[in-house]
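Trainee: I am new to this structure. Could we go through it together?
Mentor: Certainly; please have a look at it before we start.
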Amino acid sequence: MKMRRATAVIGRRTLSTTSHDVVVCGGGVVGSSVALHLRARRPDLRVTVLERDQTYAAASAPLSAGGIRQQFTTPANVQLSCYGAHFLREGLALLSGQDPREVQDRIQFREAGYLTLASENGAAALRENVAIQHAGGADWIDLLDPTQLRREFPWLSVDGVGLGAFGRKNEGYFDPWGLLDALRRGAKALGVQYMSGEAASLQVDAGRVTSVLLKDGSFLSCGLVVNACGAHASVLTPSLPIAPRKRCIFAISCPEGDLVRPPGDAPLVVDVSGCYFRGDGSSGRYLCGASPKGADPDCDVDALDTVDHSLFEEVIWPALYERVPAFESLRVESSWAGLYEFCTLDQNAVVGWHPDASNLVVAAGFSGHGLQHAPGVGRAVAELIDSGGYESIDLACLDYGRVVSNEPLFEANVW
């Protein structure tokens, strides 16, 4: 018979004597970051990550465009992305004890910048947004008028553009799978256990989660649970306003011709139309995408088998050609679809204690920015669990309370 360990204390919350002190449901970038930061902070805790698919074939992060920016309209999001850039450059290696060069080789962080374009009617809002970003510490984001945009980006057409915002550092893109892999390696090196299994529901007794019930009928006894299930988070917590949506990405190539084309390390450009593109590391190759126009229905994993090519033909290509004349000639080299965890309340994440279970933390609903915010959210959730409050970035504005009271905190910069 195995001897069970004595009761553990986290912050002001006492954990029951169980086989798992903390069960993190969801082993993607957010869940793995929570596990890594928590184990680094509290090496005495038995932290288990429960992941439905260890291949991550349909996970949101590896199928994303891999961008990071501080260009948000919610101050907490600005600060999360500031930490995210530091984490990509050096924080992950320091926290997990991995070789910095190996980490950089995996992540491949390119500080190519984000270039957000606004129409003349949207110029005032863009100025206000950049003021929020500067107040949050991201003073490297510059406002550029059409003349300055034309000078810095000679391949860009400024027709219909009133103003642009360009992040000169700490913004750009990286390898999403590389970050996930590095987070998992770091967490495992610190003693985090990864288990294969799909969480189906939570057993709650007297206001506490006592176990996580798996789809195969088994269960995990636990002292504390973190719901980091991304697009599937509402399965465990039905009151979460999070829906799985589909987003398509297209890898394109542009042949060399008479017109100047963007370089292979072009910034991630967000057009006034809402379409975006970025360099893909080599000359004449890019990634692009856009949110669907019109209907944006909920979907499941099976829906990822099909890509909406009409979105490219009818929406993305015309917009890109209008913005970059050299994109008149484009070829789709490959395409894929991924799940997008959309917070229907306000397009902001829900992070914090659940009001109906004293040992349940939620970290989900990032609406497209979970990849870049995973490092900061992991650190914040570890602080919340261990000490009972936030010590670095105050994420109280993202608390579950706004869901209960139906008081949205809208994030405007969601693409």
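Mentor: What follows is a short conversation about a predicted model.

Trainee: Let us start with helix 1. How many residues does it have?
Mentor: Helix 1 covers residues 29-41, which makes 13 residues. From its first C-alpha to its last it reaches 18 Å, close to the 18 Å expected at 1.5 Å a residue.

Trainee: How many residues of helix 1 are buried?
Mentor: Eleven of the 13 are buried, so helix 1 is largely enclosed by the rest of the structure. Among the buried residues are Val 29, Leu 36 and Arg 39.

Trainee: Which side chain of opposite charge is nearest to Arg 39?
Mentor: That is Asp 21, at 7.0 Å; Arg 39 is buried yet has no salt bridge. The side chain of Arg 39 does reach the backbone oxygen of Leu 45, at 2.4 Å. Beyond its neighbours within four places in sequence, Arg 39 is in contact with residues including Leu 190, Gly 191 and Val 192.

Trainee: And Arg 41, buried or exposed?
Mentor: Arg 41 counts as partly exposed, at 31% relative accessibility. Arg 41 forms a salt bridge with Glu 391, the closest N and O atoms being 2.7 Å apart. This pair links distant parts of the chain, 350 residues apart: Arg 41 is in helix 1, and Glu 391 is in the loop between helix 9 (370-387) and helix 10 (401-404).

Trainee: How many salt bridges does the structure hold?
Mentor: It holds 21. Another of these joins the side chains of Glu 102 and Arg 106, at 3.7 Å from N to O. Those two residues are four apart in helix 3, so about one helical turn separates them. Glu 102 is partly exposed, with a relative accessible area of 43%, whereas Arg 106 counts as buried at 17%.

Trainee: Changing topic, which residues touch the most other members in the largest nonpolar core?
Mentor: They are Leu 92, Leu 179, Val 226, Val 377 and Leu 395, in a core of 54 residues. A second, separate core has 34 residues, including Phe 153 and Val 269.

Trainee: What does Leu 179 contact?
Mentor: Leaving aside neighbours within four places in sequence, Leu 179 is in contact with Phe 87, Leu 88, Leu 92, Ile 107, Phe 174 and Leu 371.

Trainee: Lastly, where is Gly 223?
Mentor: Gly 223 is in the loop between strand 13 (219-221) and strand 14 (224-227). Gly 223 is buried, with a relative accessible area of 0%. Gly 223 and Leu 360 are 137 residues apart in sequence, and their C-alpha atoms are 9.3 Å apart in space.

Note on methods:
Residues numbered from 1 in each chain as written. Predicted model: local features only at pLDDT ≥ 70, side-chain atom pairs only at ≥ 80, totals over all residues. Heavy atoms only, no water. Expected span 1.5 Å × (residues − 1). Buried < 20%, exposed > 50% of the residue type's maximum accessible area, 1.4 Å probe, protein only. Lys, Arg positive; Asp, Glu negative; His and termini not counted. Salt bridge = Lys/Arg side-chain N within 4 Å of Asp/Glu carboxyl O. Polar contact = N/O pair within 3.5 Å; in protein donor to acceptor, adjacent residues only side chain to side chain. Contact = heavy atoms within 4.5 Å. Core = buried A, V, L, I, M, F, W, Y, C linked by side-chain atoms within 4.5 Å.
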